[in-house]
Amino acid sequence: MFLTTRKDIKEIIDAAEKYQNIGIVGCASCASICLTGGSAQVGEMAQALKKEGKNITFTISIDEPCDMRVLKEDIRFIEDNLEHTDAIVVLSCGTGVQTISGLTKKKVITGTNSKYIAKTEHIGEYSPLCRGCDECRLNFTGGVCTITLCPKGLLNGPCEGHNGIKCEVDEEANCIFMTSYANMKNFGEEENIARIFSPRDYSIKIIKKNI
Amino acid sequence: MNIIPEIESPLSENYIDFLKELKILLNGFSRNRTIDIKNIIIEQNFGFNAILLCKLISDENPDTAITYSVNMRDKNRIALFSDLITLNQLGLKNIIISEGLHPVKTVFHSAKPVYDIDVIALSSIIKKSKSINHLIENNSNNDLLDNNVVNTEDAAYNIGNFNLGVKIAASTPADMVKIKKLIAVGADNFIINSFTDNIGAIEYIKKEHKNVFIHINELEIGKTFNSLDEAYAKALNLKADGLIIKIVSPKINILKKL
């Protein structure tokens, strides 16, 4: 699940200042799970914008606004309304926002901040587990991602700043290298404990238009 | 056993004043019976350029070993390679590397942390690379750790023979794994953060014929330790090769009070 958080309504109102007729799109997938883009949040956004004197031309929740196939299907339901819409407030991750922008060619205003790929513990409780680095090393790290869970993103062992258990940066969190070591020890992976990783190759992170 | 001051490159004060202060500090040491300052560590943080400062101090104090200390927080591999080439050209062969305090723990709270290379990877690069051409060649191949190409054709660009220190923690089995990796890649000196060795790290490192230094902050004197002598005696008891004291402020500089 891609975690998003709600933007301050003031920023959204500010971004919408020039636009009178506004449509609102929610995401019924990830953003719905993290309570930033479900139907309830779409309704709340409509109320907030109406208070500012805006005319709401449509509201819709789309299953996966990041999926062009789904988007094309669902957008047909609001085709007529779209013609009279100046801007669309999108309550999804950045990918959904840009997919809608690309398809509709309308001004889009994002209502969320995109954070990271996260595990859902409960509704309202999420843990970051993946940064999408394109060089997954989980096979060799005891199944925990040190790039994501170490604030310094280290590969080859703990920094000098931990206190024996806790992380130097996030003092409430355990140093992830302790978990990594314990898991590898538990799995009997001595060869992985001794493994030295080469530095990351950032050239592979240059975003290509299509894969 | 030496006491070694570790001093951050000055932030706000004029570096010429800083050098004068340092001279007073150095002269003061010779009067002290227990302390023999043969080494000074200049740590790059966000002040005056530490390599330049190392060079200035080195020129003025030819009998004192000057060590450049740098962290992985602020520099990517391009900037670190530049440091290595500069140090080598200036004849400054002592270097300490650490991962470094995260920006959120500094006054530059919102700065982007770099951590492009970690201490183990940079240690491997420093100890195994023979020349700048070699570094570039291996980087192009994304093969920084497998340095099996020897290029000694251009002596001016030879970056070998650094005396390499690494700052480490020494309190968990994961730290011991890291120590073993660092020994494998050729680190020479191990700087242990305070007196936290409860895994036999010092004994292990000494067995491998490497040097161990205990690192404390001067603010710990009077708190964790009653006196500098107490900290010194403790380090001596551990058979450490030196006690590094981070000087955090010229105003409270513990070494000036000796």
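How many residue pairs are in polar contact across the interface of chain A and chain B? I began with this question, keeping in mind that the model is a predicted one, and the rule finds 12 such pairs, with both residues at pLDDT 80 or more. On the side of chain A that touches chain B, I noted that helix 8 of chain A, residues 176–187, gives the largest share, which is three residues.

**Entry: the interface**

I then looked up the extent of the contact, and found 27 residues of chain A in contact with 30 residues of chain B. The area buried between chain A and chain B comes to about 2,400 Å², and carbon and sulfur atoms give 59% of that area. Within chain A, the residues that lose the most area to chain B are A:Glu160, A:Ile196 and A:Pro199, which together account for 28% of what that side buries.

For charged pairs I found one salt bridge across the interface of chain A and chain B, and I noted its partners as A:Glu171 and B:Lys105, whose side chains meet at 2.6 Å, N to O.

**Entry: A:Lys152**

I turned to A:Lys152, which I located in the loop between helix 7 and helix 8 of chain A. Is A:Lys152 buried or exposed? I read a relative accessibility of 5% for A:Lys152, so I entered it as buried, the cut-off for that class being under 20%. The residues that A:Lys152 touches, leaving aside those up to four places away in sequence, come from both chains: A:Cys159, A:Glu168 and A:Val169 in chain A, and B:Glu99, B:Gly100, B:Leu101, B:His102 and B:Tyr115 in chain B. With one of these, A:Glu168, the side chain of A:Lys152 makes a polar contact, side chain to side chain, at 2.9 Å.

**Entry: salt bridges within the chains**

Over all chains, I recorded a count of 21 salt bridges by this rule. One that I followed up is the pair A:Arg200 and A:Glu135, whose side chains meet at 4.0 Å, N to O. A:Arg200 sits in the segment after helix 9 (190–193) of chain A, while A:Glu135 sits in the loop between strand 7 (125–130) and helix 7 (146–149), so this pair ties together parts that are 65 residues apart in sequence. I noted that A:Arg200 and A:Glu135 are both buried.

In chain B, I looked up B:Lys246, which forms a salt bridge with B:Glu43, with 2.3 Å between the closest N and O atoms. Which parts of the chain does this pair link? I found B:Lys246 in strand 8 of chain B (residues 242–247) and B:Glu43 in strand 2 (residues 39–43), with their positions 203 residues apart in sequence. B:Lys246 and B:Glu43 are both buried.

A further pair in chain B is B:Asp241 with B:Lys206, the closest N and O atoms being 2.7 Å apart. I placed B:Asp241 in the loop between helix 8 (228–237) and strand 8 of chain B, and B:Lys206 in helix 7 (residues 201–207), the two being 35 residues apart. B:Asp241 counts as partly exposed because its relative accessibility is 27%, and B:Lys206 counts as partly exposed at 28%. I also noted that salt bridges with shared partners join B:Glu6, B:Glu8, B:Glu43, B:Lys167 and B:Lys246 into one network.

**Entry: chain B and its helix 2**

For chain B as a whole, I counted eight helices and eight strands, and of its 258 residues 53% are buried. Among its contacts between residues at least 6 apart in sequence, 70% join residues at least 24 apart. The accessible surface of chain B is about 11,600 Å², and 50% of this belongs to carbon and sulfur atoms.

In helix 2 of chain B (residues 50–60), I listed B:Ala50, B:Ile51, B:Leu53, B:Cys54 and B:Ile57 as buried. Because these residues cover an arc of only 160° around the axis, I could place them on the same side of helix 2 of chain B. At the start of that helix, I found a side-chain oxygen of B:Asn49 within 3.0 Å of the backbone nitrogen of B:Ile51.

**Entry: A:Pro65**

Last, I looked at A:Pro65, in the loop between strand 3 (55–62) and helix 4 (68–75) of chain A, which counts as buried at 1% relative accessibility. Not counting residues up to four places away in sequence, A:Pro65 touches A:Gly26, A:Cys27, A:Leu71, A:Ser92, A:Gly96, A:Thr99 and A:Ile100.

How values were computed. Residues are numbered from 1 along each chain as its sequence is written. Chains are lettered from A and ligands numbered from 1 in the order in which they are written. Side-chain values use heavy atoms; hydrogens and water are left out. Buried means under 20% relative accessible area, exposed over 50%, partly exposed in between (1.4 Å probe, protein chains only). Helices (H or I, at least four residues) and strands (E, at least two) are DSSP runs, numbered from the N terminus. The arc is that of the directions from the helix axis to the C-beta atoms. A polar contact is a pair of N or O atoms within 3.5 Å; within protein, one must be able to donate a hydrogen and the other to accept it, and residues adjacent in sequence count only if both atoms are side-chain atoms. Contact means heavy atoms within 4.5 Å. Accessible areas come from the Shrake-Rupley method with a 1.4 Å probe; for residues, only the protein chains shown count as cover. Buried area is the accessible area (1.4 Å probe) that two parts lose on being put together, summed over both.
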